[in-house]
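This report walks through one structure for a reader who is meeting it for the first time. Please keep the sequence and the model in view while reading.

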Amino acid sequence: MLVVELTVSRTLILTHFMNDLADSQLAEAARRQIAELFESHFEWFQTTDDGNPQPLKKTELDISVSNGKLILTCWTEKGTRSWKIRYWEWTGEKLVLQGSRRMGAERPLIELIPRAAASAIAATVKAARQKRCDLLAQLACATIVGSRVERSSLSPGIRRGQPGRYARIMLWTRHQRLAVTASVASRNVGNADSFLSAALLWFTGVSERAKPPYIQQLWLIVDAELVKTVLPKVSLLREGLKQAIQVFEINDAWTELQPLKVPERKELWQKRLKRFPPVVEPEVSELAQAILAEAPEAIDIVRARYGETLRYHGLPFARVRRLLETERVWFGTEATQRRLLDASTLPDWIILFNDLQTHRSATAPDRRHALYRNASEAWLESLLRRDISQLDPGLIVAPLHAQFRTAPGGRLGVRPIDLLALRRDGRLVVIELKVFEDREHVFQGVGYWQRVEAHRRRGHISRARLFGTRRISDEPPLVYLVAPTLRVHPAFATLARFVTPDIEIYRFDINEDWRSGLRVMRRMLA
């Protein structure tokens, strides 16, 4: 049950359009209508003065008539609260009731808003996205004289019943068809890999099934936020596919398309990049060492900007910070629940540590427990950090850089590389890990390859001594894409074939029970 706090500060100014309940017949008629409204919606939101709606199930609301008066009752943790309803109105969007309690001393305005059904929300979203899709189709059609829109629809949703995120538009001309796609959902730079993967798979599929006139071009329409992310990856596609792609930038008002030039591959290495700072071996604090000693086989220490983060099989559970020359420990698996470790919180610290040992283990009794399921990729990463040669005996064990950033942190769309390693022959290796099917896997690896190669060509990695005095080979990095055997995305091989052969991508299939010990089941050139 949820506590309902109805304040008296909001008082209704009575107006003529509300239903006055002057007699018992009107009260009974109102009861029937309001009861039907309650029954037709599983959940309602009661608005409050602080702007935070309180959810109420329909079973927590009751409307009745007593002594000729309409009575609204809410069931709460504090018991029941009842109000005599003097006036009411259903606007079609919310139920407004003028209540009275304590002999009229309290006269709150009660507003109840029904929660829309998931299907209704999905239908609304789909209609809005389809409208943007149709607008985009007309805009694209206007750029080619003599063309017409043959198809304007949405991509399939991630789950059944959900609206698709991408426009699927086909333009017809006398001599060819053109495939046009764009994101019609909320803008997000992090979706660039997903967008490009979905676009190429769709283009390839419809091209193979098309009848004359054949589909010869793919238009990628992106907003300003995606331009810098999409263009470099298009330039790293195989030559025949790249020639069929035209990228357009659309303005914020969705009224104009501006064609963009896909950069030549050599242009990718001409952009100025910030150098890496020299690597300094961090000192481990005494408190961090003491915690590490409790479970050295499971705990690793990650150096943070202002101290250290301790992770149990990849899951952050404690932070050590120095304040006024004194080391302090904050613990908790959720950022909002972290507490300072002291005498009063020591029992909670012990409980947390025991829970981690029990549930964050390959032999956990409950594999649905949050401590077992959360941060799975970080768990896999922690195993490889201990011995990267489990993946490839040719890799040096240390140094090994985890969550490696090739650009300053905090910039939108610049995600860290899972692992950056070095082979004994001097080749750099970009390693991207997945534990679930992910269509973005291939293009994430391609993006990381491009950033590492740009720094390698400038000598930034050697000068920063990221791998000590070891020689860095004058060859492009390798890309290792790792996932459990049954968790590799079905389109992995197809997406890998879209990429220029200059990028060596290796697929590593590992055992499904990798938490018990990692084994490479298959390694192949993608």
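How many residues lie between β15 and β16 in the hairpin that they form? In this predicted model, 2 residues separate β15 from β16 in that hairpin.

**The sheet and its helices**

The two strands of the hairpin pair in the antiparallel sense over 6 bridges, and within that pairing I301 has L310 of β16 as its bridge partner. They belong to an open sheet of 5 strands, in the order β15-β16-β17-β18-β19, with antiparallel pairing. Because β15 (299-304) and β19 (339-340) each have a single partner strand, they stand at the edges, and one side of each is left without a neighbour in the sheet. On its way through the sheet the order passes from β16 to β17, and strand β16 (residues 307-312) is joined to strand β17 (residues 315-323) by 6 bridges, the two running antiparallel. One position in this pairing is T309, which stands opposite R319 in β17.

Helix α7 (residues 346-359) packs on the sheet and touches β15, β16, β17, β18 (326-331) and β19, while its direction makes about 145° with that of β17. Helix α9 (residues 376-386), in turn, lies across β15 and β16 and runs at about 95° to β15. Since 8 of the 11 residues of α9 are buried, this helix is largely enclosed by the rest of the structure; among the buried residues are W379, L380, L383 and L384, and also E381.

**Aromatic rings and charges**

The structure holds 15 aromatic pairs, and two of them are set out here.

| Pair | Centre to centre | Angle between planes | Arrangement |
|---|---|---|---|
| F38 and W44 | 5.5 Å | 85° | edge-to-face |
| F317 and F353 | 6.2 Å | 65° | edge-to-face |

In the pair of F38 and W44, both residues are buried, and F317 and F353 are buried as well. F317 lies in strand β17 and F353 in helix α7, so their pair ties together parts that are 36 residues apart in sequence. These two rings also belong to a cluster in which ring pairs link Y312, F317, F331, W349 and F353.

Charged side chains also meet rings in this model. R515 lies over the face of W379, at 4.8 Å from the ring centre, and W379 is one of the buried residues of α9. In another place, the charged end of R523 sits over the ring of Y506, 5.0 Å from its centre.

**The nonpolar cores**

Which residues have the most contacts inside the largest nonpolar core? That core has 48 residues, and the ones with the most contacts inside it are L200, L220, V234, I245 and V247. Two or more residues each come from α3 (192-209), β12 (215-222), α4 (224-235), β13 (245-250), α10 (441-458), β23 (478-484) and α12 (492-498), and α3 gives the most, with 9 residues. L220 can serve as an example of the contacts there: leaving aside residues up to four places away in sequence, L220 touches T181, F195, L196, A199, V230, V234, I245, Q246, V247 and F248.

A second core, separate from this one, has 24 residues and includes Y372, L384, L391 and L433. L384 is also listed among the buried residues of α9, the helix that lies across β15 and β16.

Key. Residues numbered from 1 in each chain as written. Predicted model: local features only at pLDDT ≥ 70, side-chain atom pairs only at ≥ 80, totals over all residues. Heavy atoms only, no water. Pairing = 2+ DSSP bridges. Helix = DSSP H or I, 4+ residues; strand = E, 2+ residues; numbered from the N terminus. Contact = heavy atoms within 4.5 Å. Axes fitted to C-alpha atoms, helices over the stretch in contact; angles between N-to-C directions. Core = buried A, V, L, I, M, F, W, Y, C linked by side-chain atoms within 4.5 Å. Buried < 20%, exposed > 50% of the residue type's maximum accessible area, 1.4 Å probe, protein only. Phe/Tyr/Trp six-rings, centres within 6.5 Å; stacked < 30°, edge-to-face > 60°. Lys NZ or Arg CZ within 6 Å of the ring centre and 35° of its normal.
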